[in-house]
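I opened my notebook with the model on screen and jotted down what I looked up, entry by entry. Here is how it went.

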Amino acid sequence: MSDLDRDSITVEALRQMASTPDPRLREVVTAAVRHLHDFARDVNLTPDEWLTGIAFLTAVGQNCSAVRQEFILLSDVLGLSRLVNVMHDHAGREAAGTETSLLGPFFREQAPEFQLGESLIRHPTGGMEVCLFGQVTDADGKAIPHAEIDAWQTNAEGLYDLQMGDAGSMDMRGRFRADAEGRFHFRTVRPLGYSIPMDGPVGRLVKDQRRHGMRPSHIHILVQATGFRDLVTALYFGDDPNIESDTVFGVSRSLVVMAEPGLAGNPRPDLPGVRYDFRLSRRGANDSGGRVGADPSRMMPAAE
Ligand code: BEZ
Ligand code: FE
């Protein structure tokens with residue numbers, strides 16, 4: 001037996017783990033151990049700092065509940081969720097569709113169904129009404145008929161329904177079905193940007209980093225059609241003050257929109273329009289097609 005020093009401990013840990021029969025588990029865990037040991041050596045981690053890290057992760061776990069996933073929030077503010085999204089976007093699909101964005105913690109299954117042209121807003125609380133319209137196509141621009149479009153957002157004060165008095169009832173969210181040419185339009189109010197939950201350990205970290213904790217104004221979108229990958233994305237309003245510094249790194253240039261009066265093709269010319277065409281990627285042969293993001297059923301209360 002040889003004594004373990006600051007380098008040989010890594011070799012020995014990896015040697016013991018080499019017996020892992022599942023090849024992917026072996027690959028992922030041994031890489032994680034290598035990087036963790038390198039990290040500890042890099043920063044010369046002290047026992048006190050190690051304990052502080054353990055206490056932080058413990059608090060993250062203790063702040064998880066049926067309605068809150070603090071670990072996913074941690075992954076979001078560290079940029080890991082975005083990194084996994086970006087890698088998934090480019091893996092195993094045939095042609096590029098609309099860029100994805102984070103699903104976020106406020107998605108709910110079985111949102112109310114609306115007819116094209118109706119408003120997402122059931123109980124208006126003010127704000128600028130806009131019409132969001134466009135077409136759902138494949139990556140080559142060919143129309144996909146009757147795709148299901150889920151949209152959810154905050155109100156003009158930056159609150160999701162789940163953060164309001166009666167969290168049991170759904171508002172500012174809904175499902176639409178595009179027409180036979182893939183065209184859709186619905187009305188909504190321009191949402192306000194909002195802060196990620198700052199009252200837990202992840203929020204404390206963000207404050208310690210002197211980051212603002214805000215997400216720019218956005219409308220979440222999920223588009224689903226048979227034979228295509230689910231598209232989880234969001235449209236971001238380009239004139240939001242935090243458009244360049246989203247705390248969870250969800251913004252891509254291709255997802256930035258503006259509400260414009262007099263926009264050509266707006267089925268509601270009396271309202272400012274936002275036009276966006278969603279392009280879905282066909283599922284490849286080895287494509288699980290899975291949604292990137294949290295599994296909301298594990299985080300959110302059952303729908304009404
Ligand atoms: C959201 O867009 O709803 C969101 C995403 C990540 C963390 C917090 C909120
Ligand atoms: Fe959001």
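**Notes on an iron site and its surroundings**

I started at ligand 1, where one of its oxygen atoms sits 3.3 Å from a polar side-chain atom of Tyr160. I should say right away that I'm working with a predicted model.

**Entry: around ligand 1.** I went on to two other side chains. For Tyr194, a polar side-chain atom is 2.5 Å from an oxygen atom of ligand 1. For His220, the value I got was 3.0 Å, again from a polar side-chain atom to an oxygen atom of ligand 1. Then I listed the residues around ligand 1, and among them are Leu73, Asp76, Phe106, Ile196, Arg215 and Val248.

**Entry: the iron ion.** Which residues coordinate the iron ion (ligand 2)? I found Tyr160 and Tyr194, each through OH, plus His218 and His220, each through NE2, at 1.9 to 2.1 Å. I wrote down their spacing in sequence as Y-x33-Y-x23-H-x1-H. Tyr160 and His218 link distant parts of the chain, as they are 58 residues apart. Tyr160 is in the loop between β2 (148-153) and β3 (173-177), while His218 is in strand β7 (residues 218-224). I checked burial too, and both Tyr160 and His218 are buried.

I also looked at the geometry. The iron ion (ligand 2) has six donor atoms, with angles of 53 to 168° among them, and the site is irregular. To count as octahedral, six donors would need opposite ones over 155 degrees apart and all others between 65 and 115, so the 53° angle rules that out.

**Entry: His220.** I gave this residue its own entry. His220 belongs to strand β7. Buried or exposed, I asked myself about His220? His220 is buried, because its relative accessible area is 2% and the cut-off is under 20%. The side chain of His220 also makes a polar contact with the side chain of Tyr160, at 2.9 Å.

**Entry: aromatic rings.** How many aromatic pairs does the structure hold? I noted eight. Ring pairs join Phe106, Tyr160 and Tyr194 into a cluster, and I had already met Tyr160 and Tyr194 at the iron ion.

**Entry: odd phi angles.** Most residues other than glycine have a negative phi. I therefore wrote down two residues with a positive one, starting from that general rule. Met172 has phi near 55° and is found in the loop between β2 and β3. Arg210 has a positive phi of about 60°, and its place is the loop between α6 (201-208) and β6 (214-215). How do they sit relative to the surface? Met172 is buried, with a relative accessible area of 3%, whereas Arg210 counts as exposed at 72% relative accessibility.

**Entry: stepping back.** I finished with the whole chain. I noted six helices and eleven strands, and a box of roughly 80 × 45 × 35 Å filled by the C-alpha atoms, taken along the principal axes. Of the 304 residues in the chain, 45% are buried. The domain assignment gives domain 1 (8-45) and domain 2 (70-280), and their centres, taken over C-alpha atoms, are separated by 38 Å.

My last lookup was Gln135, which is in strand β1 (residues 129-138) and is buried at 13% relative accessible area. From Gln135 to Glu27 I got 42 Å, C-alpha to C-alpha, with their positions 108 residues apart in sequence.

Definitions and conventions:
Residues numbered from 1 in each chain as written. Chains lettered and ligands numbered in written order. Predicted model: local features only at pLDDT ≥ 70, side-chain atom pairs only at ≥ 80, totals over all residues. Heavy atoms only, no water. Phe/Tyr/Trp six-rings, centres within 6.5 Å; stacked < 30°, edge-to-face > 60°. Domains from an automatic or database assignment. Donors = N, O, S within 2.8 Å, 3.2 Å for Na, K, Ca; no water. Tetrahedral: all angles 85-135°; square planar, octahedral: opposite > 155°, others 65-115°. Helix = DSSP H or I, 4+ residues; strand = E, 2+ residues; numbered from the N terminus. Buried < 20%, exposed > 50% of the residue type's maximum accessible area, 1.4 Å probe, protein only. Near = heavy atom within 4 Å. Polar contact = N/O pair within 3.5 Å; in protein donor to acceptor, adjacent residues only side chain to side chain.
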